[in-house]
Amino acid sequence: MMTKTRRAGITAIGAYAPSKVLSNDDLSKFMDTSDEWISTRTGIRRRHVAADDEFTADLAVSAIKDMQRRYGEAVLEGVDMVIVATNTPDAYFPSTAAMVQDYFGLKAGAFDLLAACPGWVYALSVAQAYVESGICKKVLAIGAEALTKIIDWNDRSTAVLFGDGAGATLVEAVEEPFGIKSMILGADGAGGKHLHAKAVGKCLLDGTKLGEHVYMNGSEVFKFAVRVMKTSTVEAIEQAGLKTEDISLFVPHQANLRIINAARERLELAEDKVVVTVDEYGNNSTASIPLALCHALDGGRIHAGDNLLLVSFGAGLTWAASVLTWGGGKK
Ligand code: COA
């Protein structure tokens, strides 16, 4: 007798971006930069910034409330695990996920996951493993970020790039042909020196000193990003048993429009097959892909049965790519 394999998929989604917005012109009032420099080098025009009293757990809660608004309050019934991917937890402990679990009164396990910008895709992979193995039935995989709290507002080379936000997804078993079809996860810790932010340590294992704020070697990260966006997406499409022409929509990490365009061109995808939100949000790390997915849904660009290609990269250095067939198409 053939055993039917359980496949996990995203069945609900929600997102949130803080109401406070800083345009490039706003930044140029207190920093030696310009709209012209930022928009031509990155494609970023605005970024949403958490209020002084708004932190990662608040953003995660707001994204889940958006999910409830779209799908009804009962959408959270039976959630048995909460994973928050974040680089900016409110506290080392308790986890942001535990705060979210308590806020919604969920009878669930909870933990945070740290994998830099690809964190939400990593969380999706963990949720997939839990659901497909039968360990959990309904997993909240959230990406939430208050990055503007840790950047150095005196460093124009990093401060202009980042923003805040959150995206929440519900992962559970779905019927064929829907669900997650491939998952590619990778890391190259030798590149840790190119992008880092301090916690309790003083330096990386290779001796790289950790400063007080986010440090980035932009050109090294740029080259790495363009390379892994191509290699990991090709692997993800292949692992899914598909061809590039089967991809309905490309939803990449929103860090830089030039990186997105380079990846799109290398994959030979048409411009209308790519979701771009970096102009509005800047790079909000783990929140960027679920937020972009929500935008695409709201714009009527995602339908049940569509094959979505997701890819992210970031500090570590790390990367993650996945192909999934969208089933949770309703709002
Ligand atoms: N406004 C104006 N000038 C700026 C600036 C700013 N905000 N930031 C840097 N500059 C200056 C630099 O000081 C430099 O001046 P110099 O030539 O006099 O020394 C000049 O602009 C060029 O900087 P450069 O680093 O060569 O620009 P770039 O074309 O490589 O673009 C990045 C810089 C950061 C936009 C680009 O490297 C990048 O996007 N990298 C990837 C970053 C990323 O994705 N990070 C997130 C990973 S999750």
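**Figure 1. Salt bridge between Arg-264 and Glu-271 in the predicted model.** In this predicted model, Arg-264 and Glu-271 form a salt bridge in which the closest N and O atoms are 3.8 Å apart. The two partners stand in contrasting surroundings: Arg-264 counts as buried because its relative accessibility is 10%, under the 20% limit, whereas Glu-271 is exposed, with a relative accessible area of 62%. Glu-268, which lies in the loop between H8 and H9, is included in this view for its backbone, since its phi is near 55 degrees, a positive value in a residue other than glycine. Glu-268 is likewise exposed, its relative accessible area being 70%.

**Figure 2. Salt bridge between Arg-46 and Glu-280.** The closest N and O atoms of the salt bridge formed by Arg-46 with Glu-280 are 2.8 Å apart. Because Arg-46 belongs to strand S3 (residues 46-48) and Glu-280 to helix H9 (residues 278-281), the pair ties together parts that are 234 residues apart in sequence. Arg-46 itself is partly exposed, with a relative accessible area of 33%.

**Figure 3. Salt bridge between Asp-26 and Lys-29, and a network of charged residues.** Asp-26 pairs with Lys-29 in a salt bridge whose closest N and O atoms are 3.6 Å apart. Of these two residues, Asp-26 counts as partly exposed at 25% relative accessibility, while Lys-29 reaches 68% and therefore counts as exposed, the limit for that class being 50%. A second group shown here consists of Asp-66, Arg-69, Arg-70 and Asp-298, which are linked in a network of salt bridges. For the model as a whole, the count comes to ten salt bridges.

**Figure 4. Polar contacts between the protein and the ligand.** Among the 23 residues around the ligand, those that come nearest are Thr-33, Arg-41, Arg-156, Gly-218 and Asn-256. Two of the contacts drawn involve nitrogen of the ligand: a polar side-chain atom of Thr-33 lies 2.7 Å from a nitrogen atom of the ligand, and a backbone N or O atom of Gly-218 lies 2.9 Å from a nitrogen atom of the ligand. On the side of Asn-256, an N or O atom of the side chain is 2.7 Å from an oxygen atom of the ligand. Taken alone, the ligand exposes 980 Å², and the protein buries 70% of that area.

**Figure 5. Composition of the shell around the ligand.** Each of five elements supplies at least two residues of the shell, namely helix H2 (35-42), helix H6 (156-159), helix H7 (218-239), helix H8 (257-267) and strand S12 (307-314). The largest share, four residues, comes from H7. By residue type, the shell divides into ten nonpolar, nine polar and four charged residues.

**Figure 6. Nonpolar surface patch and cis peptide bond in the loop between S4 and H4.** Tyr-92, Phe-93 and Val-200 make a nonpolar surface patch of about 460 Å². Of these residues, Tyr-92 lies in the loop between strand S4 (81-85) and helix H4 (96-103), and counts as exposed at 61% relative accessibility. Phe-93, another member of the patch, is joined to Pro-94 by a cis peptide bond with omega of about 5 degrees. Pro-94 also has its place in the loop between S4 and H4.

**Figure 7. Further backbone features in loops.** Most residues other than glycine have a negative phi, and most peptide bonds are trans. Two departures from these tendencies are shown in this view. The peptide bond from Gly-316 to Leu-317 is cis, with omega near -5 degrees, and Leu-317 lies in the loop between S12 and strand S13 (318-325). Ala-116, although not a glycine, has a positive phi of about 60 degrees, and its place is in the loop between strand S5 (109-113) and helix H5 (119-133). With a relative accessible area of 7%, Ala-116 is buried.

Conventions:
Residues numbered from 1 in each chain as written. Predicted model: local features only at pLDDT ≥ 70, side-chain atom pairs only at ≥ 80, totals over all residues. Heavy atoms only, no water. Patch = residues over 30% accessible without salt bridge, like charges linked within 9 Å, V, L, I, M, F, W, Y side chains within 5 Å. Areas by Shrake-Rupley, 256 points an atom, 1.4 Å probe, with all protein chains shown as cover. Salt bridge = Lys/Arg side-chain N within 4 Å of Asp/Glu carboxyl O. Buried < 20%, exposed > 50% of the residue type's maximum accessible area, 1.4 Å probe, protein only. Near = heavy atom within 4 Å. Polar contact = N/O pair within 3.5 Å; in protein donor to acceptor, adjacent residues only side chain to side chain. Nonpolar A, V, L, I, M, F, W, Y, C, P; charged D, E, K, R; others polar.
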